Amino acid sequence: MLFNVDDITGDGFQIKTRKQSDWVTNIPELVDELSDLGLAKDIDFDLTVTRIIREVSVNGLINFGIRARCARCLSEVEIDLKSDVSLILSPRDESFAESGEGDLDHDFYEGDTVDISGYLRELIAITIPINVICGNECKGLCSNCGINLNNASCNCEKNLKKSAFAVLKDIKL
Ligand SMILES: [Zn+2]
Ligand SMILES: [Zn+2]
């Protein structure tokens, strides 16, 4: 998403656009067919770009949905995600060259062209949770027989307790 600083006039302008998973080049898992992670919904951007002299502000919201595997029970889940966009971009002045890459909410642009794609991609990456769970009540899988305890039950826990007791009895003997 590129624009020219001089095109930001008056109340600024809006960017309303939609991108697909192949746009998020920093998260290759999203397009990898073998990966459990994927986009369930395209990425919607609703951003307002304004400027005060040479300082550019980008504010708004990103909406998207992902498909992932529950970290506990491995079932497929779809969750909606949102990220607030609040970015300030300053012109990179030669004399400030040592000020580095800036932090996540403050970036720099060179010349007259502002590119916010890198920032938006990074924001999407940090919005995706590392561990997705299907719900707080998810009981997960039995660590012994692997059955999904959300919709079935097994006797493993009972049997494990029994065998632990048996071992104790053996020690006593
Ligand atoms: Zn689950
Ligand atoms: Zn079990």
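The following legends accompany close-up views of a predicted model of a protein chain.

**Figure 1. Overall make-up of the protein chain.** The chain has 173 residues, of which 12% count as buried. Its secondary structure consists of 2 helices and 7 strands. In sequence order these elements follow the pattern β-β-β-β-β-β-β-α-α. Of the contacts between residues at least 6 apart in sequence, 57% join residues at least 24 apart.

**Figure 2. The open sheet and helix 1.** The sheet is open and is built from 5 strands in the order 2-3-4-5-6, with mixed pairing. Strand 2 (13-19) and strand 6 (106-109) are the edge strands, each pairing on one side only. From one strand to the next, the twist averages 25°. Helix 1 packs on this sheet and touches strand 3, strand 4, strand 5 and strand 6. The direction of helix 1 makes about 145° with that of strand 5.

**Figure 3. The largest nonpolar core.** This core has 18 residues, and those touching the most other members are Val-56, Val-58, Leu-87 and Ile-116. At least two residues each are supplied by strand 3 (38-52), strand 4 (55-69), strand 5 (76-91) and helix 1 (117-127). Strand 4 gives the largest share of the core, 5 residues. Leaving aside residues up to four places away in sequence, Ile-116 touches Met-1, Val-58 and Leu-87.

**Figure 4. The hairpin of strand 3 and strand 4.** These two strands run antiparallel and are joined by 12 bridges. Two of the pairings are shown in this view: Gly-38 has Arg-67 in strand 4 as its bridge partner, and Asp-46 is matched in strand 4 with Leu-61. The hairpin has 2 residues between its strands. Ile-53 is found in the loop between strand 3 and strand 4. Its phi is positive, about 55°, although Ile-53 is not a glycine. Ile-53 counts as exposed because it has 7 C-beta neighbours inside 10 Å, and the limit for an exposed residue is 12 or fewer.

**Figure 5. The hairpin of strand 4 and strand 5.** Strand 4 and strand 5 run antiparallel, with 14 bridges between them. One of the pairings links Phe-64 to its bridge partner in strand 5, Leu-81. Between the two strands of this hairpin lie 6 residues. Leu-74 is found in the loop that joins strand 4 to strand 5. Phi of Leu-74 is near 65°, a positive value in a residue other than glycine. Leu-74 has 14 C-beta neighbours inside 10 Å and therefore counts as partly exposed.

**Figure 6. The surroundings of Leu-61.** Leu-61 lies in strand 4. This residue is partly exposed, because 13 other C-beta atoms lie within 10 Å. Leu-61 touches Asp-46, Lys-82, Asp-84 and Val-85, when residues up to four places away in sequence are not counted. Of these, Asp-46 is also the residue whose bridge partner in strand 4 is Leu-61. The C-alpha atoms of Leu-61 and Ser-86 are separated by 8.7 Å, and the two residues are 25 residues apart along the chain.

**Figure 7. The surroundings of Ala-68.** Ala-68 is found in strand 4. The residue counts as buried because it has 21 C-beta neighbours inside 10 Å, where 20 or more are required. Residues touched by Ala-68, not counting those up to four places away in sequence, are Asp-36, Leu-37, Val-77 and Val-132. Ala-68 and Gly-38 are 30 residues apart in sequence, and their C-alpha atoms are 6.6 Å apart in space.

**Figure 8. Asp-93 in the loop between strand 5 and strand 6.** Asp-93 lies in the loop that joins these two strands. With 11 other C-beta atoms within 10 Å, Asp-93 is exposed. From C-alpha to C-alpha, Asp-93 and Tyr-109 are 9.1 Å apart in space, with 16 residues separating them in sequence.

Notes
Residues numbered from 1 in each chain as written. Chains lettered and ligands numbered in written order. Predicted model: local features only at pLDDT ≥ 70, side-chain atom pairs only at ≥ 80, totals over all residues. Helix = DSSP H or I, 4+ residues; strand = E, 2+ residues; numbered from the N terminus. Contact = placed C-beta atoms within 7 Å. Core = buried A, V, L, I, M, F, W, Y, C linked by C-beta atoms within 7 Å. Pairing = 2+ DSSP bridges. Axes fitted to C-alpha atoms, helices over the stretch in contact; angles between N-to-C directions.
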